[in-house]
Amino acid sequence: MRNSPVLPCGDRFRVSYANEREVINLAVSVSDIHFQDKYLQIFALTNIHNELDSQEIESWSKLTRVLTHEIMNSITPVTSLSQTLLNFAPRENKELRQGLETIYSTGKTLMDFVQSYR
């Protein structure tokens with residue numbers, strides 16, 4: 001008499017196991033064998049902690065690159081235009097010049113900050 005399989009052969013899935021110290025992430029794969037007229041399933045467990053860490057680091061790196069690119073694309077024209085407008089602003093209009101200087105210096109500081117993460 002043949003037993004029914006618990007899971008289809010070739011299935012792969014992920015499980016987490018928590019003990020007192022940590023959560024362990026495991027990949028489980030299923031294989032079928034026939035041994036001495038018995039149908040058996042073998043479950044192979046693999047600790048995938050390192051792979052998950054690598055994927056997380058790669059995801060953070062990609063996110064940092066995208067955010068850096070988007071911030072630089074947004075702030076560069078603002079900084080450039082504020083500097084150009086500052087050159088054309090009349091010297092006697094101190095409020096306008098102060099506003100443009102603030103925009104320029106804040107933008108430049110943000111660009112320098114983002115550039116340090118590139």
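This is a short tour of two helices and one loop in a predicted model.

**Stop 1: helix α1**

Select residues 49-88. This is helix α1. Check its length first. At 1.5 Å a residue, the 40 residues of α1 should span 58 Å. Now look at the C-alpha atoms at its ends. They are 58 Å apart, so the model agrees with the expected span.

For a second check on α1, pick T79, which sits in this helix. Then pick E51, 28 residues away along the chain. The C-alpha atoms of T79 and E51 are separated by 41 Å.

**Stop 2: add helix α2**

Now select residues 94-115. This is helix α2. Keep α1 on screen too. Two packed helices are described by the angle between their axes and the distance between the axes. How do the axes of α1 and α2 cross? They come within 8 Å and cross at roughly 150°. Angles over 145 degrees count as roughly antiparallel, so α1 is roughly antiparallel to α2. Turn the view to look through one helix at the other. The crossing of α1 and α2 is left-handed.

**Stop 3: the contact between the helices**

Show side chains where the two helices meet. On the α1 side, select T68, I71, M72, I75, T76, V78, T79, S82, Q83, L85 and L86. On the α2 side, select R97, L100, E101, I103, Y104, G107, K108, L110, M111, V114 and Q115. Colour them by class. The contact of α1 with α2 has 12 nonpolar, seven polar and three charged residues.

Which residues of α1 are buried? They are T68, M72, I75, T79, S82 and L86. These buried residues pack against α2.

**Stop 4: T79 up close**

Return to T79 in α1. Is T79 buried or exposed? Its relative accessible area is 5%. Buried means under 20%, so T79 counts as buried. Next, show what T79 touches, leaving aside its neighbours within four places in sequence. You should find Y104, G107, K108 and M111.

**Stop 5: T102 and S82**

Move to T102, which lies in helix α2. T102 has a relative accessible area of 43%, so it is partly exposed. Now add S82, one of the buried residues of α1. T102 and S82 are 20 residues apart in sequence. In space they are 9.0 Å apart, C-alpha to C-alpha.

**Stop 6: the loop between β2 and β3**

Leave the helices. Select strand β2 (23-35) and strand β3 (38-47). Where is Q36? Q36 is in the loop between these two strands. D37 is in the loop between β2 and β3 as well.

Look at the backbone here. Q36 has a positive phi of about 50°, although it is not a glycine. D37 is not a glycine either, and its phi is positive, at about 60°.

Finish with the surface view. Q36 is exposed, with a relative accessible area of 64%. D37 also counts as exposed, at 83% relative accessibility.

Terms used:
Residues are numbered from 1 along each chain as its sequence is written. This is a predicted model: local features need pLDDT of at least 70, side-chain atom pairs count only at pLDDT 80 or more; totals for chains, interfaces and linings use all residues. Side-chain values use heavy atoms; hydrogens and water are left out. Axes are lines fitted to C-alpha atoms, for helices over the stretch in contact, and angles run from 0 to 180 degrees between N-to-C directions. Helices (H or I, at least four residues) and strands (E, at least two) are DSSP runs, numbered from the N terminus. Angles under 35 degrees count as roughly parallel, over 145 as roughly antiparallel, 65 to 115 as roughly perpendicular and the rest as oblique. A crossing is left-handed if the near helix is turned anticlockwise from the far one by less than a right angle, and right-handed if clockwise. Contact means heavy atoms within 4.5 Å. Ala, Val, Leu, Ile, Met, Phe, Trp, Tyr, Cys and Pro count as nonpolar, Asp, Glu, Lys and Arg as charged, and the others, Gly among them, as polar. The expected span of a helix is 1.5 Å times one less than its number of residues. Buried means under 20% relative accessible area, exposed over 50%, partly exposed in between (1.4 Å probe, protein chains only).
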